[in-house]
Amino acid sequence: MKFEVRPGAVNTVVTDAVVIAVFEGDGGLAGAAAELDAALGGIIKDLINSGEVKGKLNEIHVMHTLGKMPARLALVAGMGKQAEWDTDKLRDVAGEAVRALRRHRARSAAFALPAGGERIPGRDDFSRAMAEGCLLGAYQYKRHMTKDENGPETGEIVLLENDTAAFGVVEKGFERGRITAGAVIMARDMVNEPANHMTPSHMAEKAREVASRHNLGITVMDRTQMEIEKMGALLGVSQGTSEPPSFIILEYRGDPSAKQTVGLVGKGLTFDSGGISLKPQEFMSDMKGDMAGGAAVIAAMDAIAAMRLPVNVTALIPATENLPGGRALKPGDVLKASNGKTIEVVNTDAEGRLILADALSYAVKNGLSPVVDLATLTGACHVALGDLYAGLFSNDNELAGRLVKAADRGGEKLWQLPLPEEYREMNKSDIADIKNSGGRYGGAITAALFLQEFTAETAWAHIDIAGPFMTDKTRGVLVKGATGFGVRTLIRFIEGFADR
Ligand code: BES
Ligand code: MN
Ligand code: ZN
């Protein structure tokens, strides 16, 4: 998709389709909406008066212009109530619009949409949201379709902007939006990819592609190297499958003079059957996506490096399958993690925290700080917060605040949950230092408290993405299937470091 900023008016611009905005409950048309209404003989006013166009957020009305102007189609996009409008909503509106454009076979389009009010005022954020919305809304996962029955992609998008002094920032916004969306799409592709394709080795291959694209450091540890590192918890999970595990390390050095290196850790469980504590069939169907945290981290690294952000970042992805093979972990087994702590495995389906125990220990041992991990960790978090919000846990309130802000700017939602000292005893084992499940109640919290045992004094945050990593409906920037959740938050988070 090509993006361009150009001065112009909707009634004269040469393109397949124009997209204009109307607000809910807004009688008077202004700007591009008024120009289009005049060019089409007052039809938009008619549609509003008859109640056919309500201006509700994400509502798209498609009209044919029948030669009254160069564009064959005019799309009226609902923006919701004017007082509630902001640049963040623009992303979703653009996502809806771009799918309508494809359905109506428009190969090019010009958008004349208003920037958002007070909250996110910058013109660069505006064009960034446009690029992200258009690219993410148009996303399709077609790798395994042998024939393509969808319409052609809308290849060229123009943002009509008459303030030519703003072109510079607008273009910078487009560029960052393009990079961000590209990374989200990379993560979606990895998560949508079936487990027989997206194996731990294939995840490592994806990380190698990122490394060679931007000249990053890359190390992929195999079983033997994990044994040398004494990663007993990761090795324990991987012993039930014949698919080789990998521990992926990607290193970006954007600021060689800085002492600090941020650690990003992502759960890379390429298929979670539950192991011997086998999942029921209906809970197993989405478990090819149990590597969504790892995918988000690898994809975010691609964007961080592409933007050349002046920050040092190391990504760690422990990757394995969790299968009930002949050598698989058994409930009751005891493992020793690389920080020396022993773990009683009371449930082999609580495997994410096991592989993260070794990854977090590795992060701490190597002086990474702060450390942020992303994981499809608990069904309990999905139950607590639904599909929209990921759970956020942190031992550092400043870090948590920065992550919430980064998510907000990126268009994702985090909700902080507590790490109460009182619940730590739920993870106590009779025979080892800790057990890997604290039971049903507060399941997302006890899982986070388990992780905390492996973070020592390091500033750390854990993001449980079990709710939002997939979606069952196409809406706004989200397309049914993998969402790429976390990528936008991580990119904005590292951008925040660069701005400090
Ligand atoms: N990968 C799952 C969690 C999950 C569930 C992610 C649904 C996405 C959607 C994780 O490994 C798991 O099985 N967790 C268990 C923990 C329990 C055994 C303590 C769970 O949530 O049931
Ligand atoms: Mn599991
Ligand atoms: Zn899992």
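In the predicted model, the manganese ion (ligand 2) lies 3.2 Å from the zinc ion (ligand 3). Asp 272 coordinates both metals.

The manganese ion (ligand 2) takes its protein donors from Asp 272, Asp 349 and Glu 351. Asp 272 contributes OD, and Glu 351 contributes OE. Asp 349 supplies both O and OD. These protein donors lie 2.1 to 2.2 Å from the ion. The site has six donor atoms, with angles of 71 to 168° among them. Its geometry is irregular. Along the sequence, the donor residues follow the spacing D-x76-D-x1-E.

Two of these donor residues fall into separate accessibility classes. Glu 351 counts as buried because its relative accessibility is 1%, under the 20% cut-off. Asp 349 has a relative accessibility of 22% and therefore counts as partly exposed.

Ligand 1 occupies the largest pocket. It is surrounded by 16 residues. The closest are Lys 279, Asp 290, Asp 349, Glu 351 and Gly 379. Asp 349 and Glu 351 thus appear both in this group and among the donors of the manganese ion (ligand 2).

Polar contacts to ligand 1 involve side chains and backbone. An N or O atom in the side chain of Lys 279 is 2.8 Å from an oxygen atom of ligand 1. The side chain of Asp 349 also places an N or O atom 2.8 Å from an oxygen atom of ligand 1. At Thr 376, a backbone N or O atom lies 3.3 Å from a nitrogen atom of the ligand. On its own, ligand 1 has 520 Å² of accessible area, and the protein covers 80% of it.

Methods:
Residues numbered from 1 in each chain as written. Chains lettered and ligands numbered in written order. Predicted model: local features only at pLDDT ≥ 70, side-chain atom pairs only at ≥ 80, totals over all residues. Heavy atoms only, no water. Donors = N, O, S within 2.8 Å, 3.2 Å for Na, K, Ca; no water. Tetrahedral: all angles 85-135°; square planar, octahedral: opposite > 155°, others 65-115°. Buried < 20%, exposed > 50% of the residue type's maximum accessible area, 1.4 Å probe, protein only. Near = heavy atom within 4 Å. Polar contact = N/O pair within 3.5 Å; in protein donor to acceptor, adjacent residues only side chain to side chain. Areas by Shrake-Rupley, 256 points an atom, 1.4 Å probe, with all protein chains shown as cover. 1 Å grid on protein atoms, 1.4 Å probe; cavity = no way out; pocket = protein on both sides within 12 Å on 5 of 7 lines; lining within 4 Å. Sits in = over half its atoms within 2 Å of the grid points.
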